[in-house]
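Work through the exercises below with the sequence and the 3D view at hand. Each task is followed by a solution in steps.

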Amino acid sequence: MGQTIVEKIFTNKIGKRVFANDMVWSNVDLMMGTDGTVPMTISILEKNNINTISDSAKVVFVNDHFSPAKDIVNANTLSCIKKFANEYKVRLFDAGEGICHVLIPDKGLIKPGMLVVGADSHVCTYGALGALSIGIGSSDLAFAMSTGKLWFRVPETIKINVYGKKQTNISGKDIVLAILKKVGVAGASYSVIELVGEAMTGLNIADRFSMCNMAAEMGAKGVIIPYDEIVAQYLKDKVQVEQEDVFYADKDAKYSKCIDICIDDLQPQIACPYAPDNVHNVNDMEGLKIDQIVIGLCTNGRLEDFRRASRYLKKKKINENVRLLIIPGSREVLIQMIKEGIAEILVEAGGIICPSTCGPCVGGHMGVLGENEVGLYTSSRNFLGRCGDKTANVYLCSPDTAAYSALFGYIKEPHSQK
Ligand SMILES: CC(C)[C@H](C(=O)O)[C@@H](O)C(=O)O
Ligand code: SF4
């Protein structure tokens, strides 16, 4: 019987042919955690008197969620992570380096065929590079760090075939929102999504990362885009990929479901409160007043996302009633934005460039929403109370929709560009 990509990755790791629903113990290739989850991991290790790490070269921490510190308690937590990282020789990316899901692949830590676990739900983002990357909790991270292993039930795979030709005002974010509308927030629970089709082949790496990031919102265990020339180009100067790292599904692989999505007539999409699958055409929401717009974060904080946004804001001023926060995914993205003149366009238009941090995405700091405020964010989640006061409402969209709406101070559908 043929195998899916995830079945092949597990087969390769444990040296025995396995299929969906088999229970396996496997070594993992990379373990990551953030300041949102590592504090609990450290306290679990301490409570259990575990003071060795199986292989610290396979562990990476990112202080990105509440960093730079917002208050004294937070500052102490960050320094506790730093102390632990120093003591155990764990690589730590500290304040301002970047948001984990942009930073880690950009630093060349991911390659196809890897089995990655991370104590953050959007770690599935790395599936854009053909890796199997699975979100875990703080206690599983403690276990994996001390033993180098974890148990898994090999997930079933849902194949999503994306076809057709998109308009220029459509990005990966609109496509994944359209998929979410069809699949729903629990539609891929415990499954891996294989994103395939002629339209996927044509998408740049930023669009692919953005789509994989949102697989978490469908309940997916992971998501994989098969390795191709676009991935090879992205990884070229970052990491050496060998032929044995790359897996493709067999023709007779067994899928639990196959879904087709045509993007020929896809219009800009928006997820309304309070769920990422409450998706509508942007047009249907046109005119809704906004208080704060956030462009960036781990879903849309890559250079290509800001290039898209800047097309709408060049030599323009945003509406005076709206705040526009720009959150580059990493220091490197910001440097490139400065070099290309994008940073200047966005600041001149009225944007505020913030450090690379999760900040407003989880209502942590720097842009928390007040009573009845409305946010238009390029992030991944719009749950009740997540981004500030529980009367605040957040809408999720693409960088295009966010940037164009900033000019008006209300939701407005971005036009197609020449
Ligand atoms: C804080 C962290 C546990 C959380 C996650 O795991 O996803 C955060 O990154 C999020 O996006 O909600
Ligand atoms: S930017 Fe938002 S979604 Fe991404 S890791 Fe941070 S909190 Fe989670």
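**Exercise 1. Find which side chains make polar contacts with ligand 1, and how far the protein covers the ligand.**

Solution. Begin with R381: an N or O atom of its side chain is 2.9 Å from an oxygen atom of ligand 1, within the limit for a polar contact (a pair of N or O atoms within 3.5 Å). Next, take R386, where the corresponding distance to an oxygen atom of ligand 1 is 2.8 Å. Then take H65, whose side chain has an N or O atom 2.7 Å from an oxygen atom of the ligand. Finally, consider area: alone, ligand 1 exposes 310 Å², and the protein buries 75% of that (Shrake-Rupley method, 1.4 Å probe).

The model is predicted: local features need pLDDT of at least 70, side-chain atom pairs count only at pLDDT 80 or more, and totals for chains, interfaces and linings use all residues. Residues are numbered from 1 along each chain as its sequence is written, chains are lettered from A and ligands numbered from 1 in the order in which they are written, and side-chain values use heavy atoms, without hydrogens and water.

**Exercise 2. List the shell of ligand 1 and place the ligand relative to the domains.**

Solution. Collect the residues with a heavy atom within 4 Å of the ligand: T37, H65, D120, S121, H122, V362, R381 and R386. Sort them by class: one is nonpolar, four are polar and three are charged. Domain 1 (5-262) and domain 2 (271-406) both contribute to this shell, so ligand 1 lies between them (the bounds come from an automatic or database domain assignment).

**Exercise 3. Do the same for ligand 2.**

Solution. The residues around ligand 2 are H65, H101, D120, H122, L297, C298, C358, C361, V362, S380 and R386. By class, five are nonpolar, four polar and two charged. Ligand 2 also lies between the domains, because domain 1 (5-262) and domain 2 (271-406) both give residues to its shell.

**Exercise 4. State the class make-up of the residues lining the largest cavity.**

Solution. The lining includes L369, F383, R386 and D389, where a lining residue has an atom within 4 Å of a point of the cavity (on a 1 Å grid over the protein atoms alone, a set of points where a 1.4 Å probe fits but cannot get out). Its residues divide into five nonpolar, four polar and two charged.

How values were computed
Polar contact = N/O pair within 3.5 Å; in protein donor to acceptor, adjacent residues only side chain to side chain. Nonpolar A, V, L, I, M, F, W, Y, C, P; charged D, E, K, R; others polar. 1 Å grid on protein atoms, 1.4 Å probe; cavity = no way out; pocket = protein on both sides within 12 Å on 5 of 7 lines; lining within 4 Å.
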